[in-house]
Every structure is written in C-alpha cells, then in structure tokens.
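User: I am new to this structure. Could you walk me through how to read its features?

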Amino acid sequence: MASVVQMTRFARFPLGHFPTPLEPLERLTARLRESHPRVPDLWIKRDDCTGLATGGNKTRKLEFLVGDALAQGADVLITQGATQSNHARQTAAAAARAGMECHLLLERRQVRDEEYERSGNVLLDELLGARIVDRLPSGTDMQAAMESLADDLRSAGRRPYVIPGGGSNPIGALGYVGCALELDAAPIPVDWVVHATGSTGTQAGLVAGLRAVHSPARVLGVSVRQPEQKQIDAVHDLAQRTAELIGTEVGREDVLVDDRWVGEGYGIPTESMVDALRLLATTEGILLDPVYSGKGFAGLLGGIAEGRFAEPDTVVFVHTGGAVGLFGYRSSFQ
C-alpha cells in the first residue's frame, strides 16, 4: 500500500543509503529468553547506517530540508542543538555535500568535562567545515537565536535557511514518512515500532506514514527529555501537520510515549542506558548512543520485562544512530 503516498512531489536532495537494513536480533532474543518467559520477535531498523558522516536518523529529514533549502536558493544552513548534537553533525555533513555553508548554535544543556565539550560530534562538526557560531547557556531561546543570526546573514547579502532543532518540522518529518513506507514494505509483519523520541520529528513521521498506509503497527516513543503528556502533545501536533502534507489524518490515540527512562534529564546517563547499550554491543555487535538510542533501547527492554509486548509480536527498534557521541561520555562507561 506504500504507493498511496506520493513522496516524489516534495523537493529532495539525496544524502543517504536507503532503504536501511532491517536485521533480526537473534542472539539478543535468545539471551533475553533465558530469563523472560515472553519475549517478542526482535528486529532492528539500522538508521545508524544512513551513510552521512557516520549516519543517523537526521539524514532522512535533511534530504527534504536541504531539498527545500536549495529550491529556495539558500546558500547557508543554520541549525541548533545540544553540545553533542547528532543533528548538528549531520547538518554539517549535508551542507558540505550540497556545497553550502553551515552555521551551528550549540546549547550547553549540561556541563560535563573537556571530552564532552571537544570530542565526538563536536570534533566532527569542525572537521566537516561547520562554523560553531556560539555556545549558549541552557534555557536559551534557540529558535530566536537562530532567527537573529539569519537576520545578520541576510544583512550581509547571504541567503540563510533555518532548520529547527532535530530537523523536526513537517518537511523534516517527511523523512520518517519514508521510513514508515519501508517498514510497511518489509518482508515481516510489523506489530510494534519502538524508538527514542526527542524533538518529535521521527515519531511524528512514523505515525503519519503508517496511518497513511493503514498499517496496524503501533509506534512507541521512549522519551529522552519531556514528560509523557507533554511529549504526546508535541508529537501529535507535528504528526497532524505532517499528515496534512501527505493527505492523511492522525489521532492523539496514535501517539504512544513512555517517559520512565529519561532519568535525571536530557543527556544525563542512566544505569539502565549503560546496561542496555552494553547488552546490545556484546550480543549483536551494534553500538547505541548514550543520549537517544541507549535510553530508547532501555525502554524497549523494560517493556519486554513488564510484558508490554505479546510473545508472537514482531517488534522493530529504530536505531537512530549517534554512537560517535560515546566519546563524549567515556567516563560513564568506565
């Protein structure tokens, strides 16, 4: 039914390797079945393998965002994120591929050590040619800061294109409509799609895309930042606006969020994240990241332990990438 959604009518700049691999987690499943009586059939959607500067979920969004920017004649991309932002790194890479400049505003949502400030994604931002314009304190109105920077660039004769944090607007969310279509066309029946949800674009696109093709699959976002009801509100709002673009409708009941795995806050390591990351690494040789997919996978394991998924279910975890961020969190794994 994927042909119902006509994605070719949207401007798009090719950046990634799609469709991404869909792989069974056989050794992990066997390990879990040693201690849990009801373990579903577990698979992983490898959006860490999108191919753009170590890959990640933002590549899907950036194909549509950069396509829109080029259609508008832009020559500079502006975006923002936390210090170890995966989105900032992939935007820098996308700008390099498109022959554009990239200006980044980084928010110090937490204060850690020198490795956090300089290694991992920050190192790659610089290697990819991005200009880190400023590092701003936690709580800064980052959208206003980007608009102010855009005004300055326009005054200098440039043509900036502002991308919201996480690439999460209806245009960016189209990338995960595309992922939903890949899942709908998969050779396995998908009952659940589980992933880390933050800036909402990934979950909003998945929900809108799966609704568009009348898939029975349910999408569970494991929140890495906001309380459950606040995250549901934000995802539902963006999912509705994305659904309008592709000619479908979504309901609030389509948005499922679990906020129990955030811990003390965004980007702050948790014991469950460390355990989940080590488990997947040692059973499947797959590296998660400490901010998003690590907490998302902890939520998946927690759901299995409490019997949220039926044993016959097929559960797909969407790996949103970001393992390079591990280098900024080395102390958490020692």
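**Reading the cavity, the pocket and single residues**

Analyst: Let us start inside. The largest cavity is lined by 15 residues. Nearest its centre lie Asn57, Lys58, Ala196, Thr202 and Tyr292. Helix 2 (58-71), helix 3, strand 7 and helix 8 (201-212) each give two or more residues to that lining. Bear in mind that this is a predicted model.

User: What volume does the largest cavity have?

Analyst: About 120 Å³. The structure holds one cavity of 30 Å³ or more.

User: How does the lining of the largest cavity divide by class?

Analyst: Sort the lining residues into nonpolar, polar and charged. Here two are nonpolar, eleven are polar and two are charged.

User: Now the open side. How much space lies in the largest pocket?

Analyst: A cavity is closed to the probe, while a pocket is open. The largest pocket holds about 470 Å³ of space. Its lining has 23 residues, with Arg109, Gly165, Gly198, Ser199 and Arg225 nearest the centre.

User: Which element supplies the largest share of the lining of the largest pocket?

Analyst: Strand 3, with three residues. Strand 3 (76-82), helix 3 (86-98) and helix 9 (228-246) each supply at least two. By class, the pocket lining has four nonpolar, 15 polar and four charged residues.

User: Let me try a single residue. Is Thr197 buried or exposed?

Analyst: Compare the relative accessible area with a cut-off: under 20% is buried. Thr197 is at 2%, so Thr197 counts as buried. Thr197 belongs to strand 7 (residues 192-197).

User: What does the side chain of Thr197 make a polar contact with?

Analyst: With the side chain of Gln203, at 3.1 Å. Then look past the sequence neighbours. Beyond four places along the chain, Thr197 is in contact with Gln203, Gly221, Val222, Ser223, Val224, Gln231 and Val235.

User: Where is Met273 found, and which residues is Met273 in contact with beyond four places in sequence?

Analyst: Met273 is in helix 10 (residues 271-284). With a relative accessible area of 0%, Met273 is buried. Its contacts beyond four places in sequence are Pro290, Gly294, Lys295, Ala298 and Phe333. You can also check spacing between C-alpha atoms. Met273 and Gly296 are 23 residues apart along the chain, and their C-alpha atoms are separated by 8.1 Å.

User: What should I look for in the backbone?

Analyst: Start with the sign of phi. Thr54 is not a glycine, yet its phi is positive, about 80°. His214 is not a glycine either, and its phi is positive too, about 60°.

User: Where does each lie, Thr54 and His214?

Analyst: Thr54 sits in the loop between strand 2 (41-46) and helix 2. His214 sits in the loop between helix 8 and strand 8 (218-223).

User: Why is Thr54 called partly exposed, and why is His214 called exposed?

Analyst: Exposed means over 50%, and partly exposed runs from there down to 20%. Thr54 has a relative accessible area of 49%, so Thr54 is partly exposed. His214 is at 61%, so His214 is exposed.

User: Which peptide bond is cis?

Analyst: The bond from Phe18 to Pro19 is cis, with omega near -5°. Pro19 lies in the segment before strand 1 (22-24).

User: Last, what does the UniProt record place at residues 16-321?

Analyst: The unreviewed UniProt entry places "domain: Tryptophan synthase beta chain-like PALP" there. Over residues 16-321 the chain is 44% helix and 18% strand. The end C-alpha atoms of that stretch are 13 Å apart.

Note on methods:
Residues are numbered from 1 along each chain as its sequence is written. This is a predicted model: local features need pLDDT of at least 70, side-chain atom pairs count only at pLDDT 80 or more; totals for chains, interfaces and linings use all residues. Side-chain values use heavy atoms; hydrogens and water are left out. Helices (H or I, at least four residues) and strands (E, at least two) are DSSP runs, numbered from the N terminus. Buried means under 20% relative accessible area, exposed over 50%, partly exposed in between (1.4 Å probe, protein chains only). A polar contact is a pair of N or O atoms within 3.5 Å; within protein, one must be able to donate a hydrogen and the other to accept it, and residues adjacent in sequence count only if both atoms are side-chain atoms. Contact means heavy atoms within 4.5 Å. UniProt positions are given in the numbering used here, feature names are shortened, and annotations may be inferred rather than shown by experiment. On a 1 Å grid over the protein atoms alone, a cavity is a set of points where a 1.4 Å probe fits but cannot get out, and a pocket is an open set with protein on both sides within 12 Å along at least five of seven lines; lining residues have an atom within 4 Å of a point. Grid points are joined across faces, edges and corners, and a volume is the space filled by probe spheres set on the points. Ala, Val, Leu, Ile, Met, Phe, Trp, Tyr, Cys and Pro count as nonpolar, Asp, Glu, Lys and Arg as charged, and the others, Gly among them, as polar.
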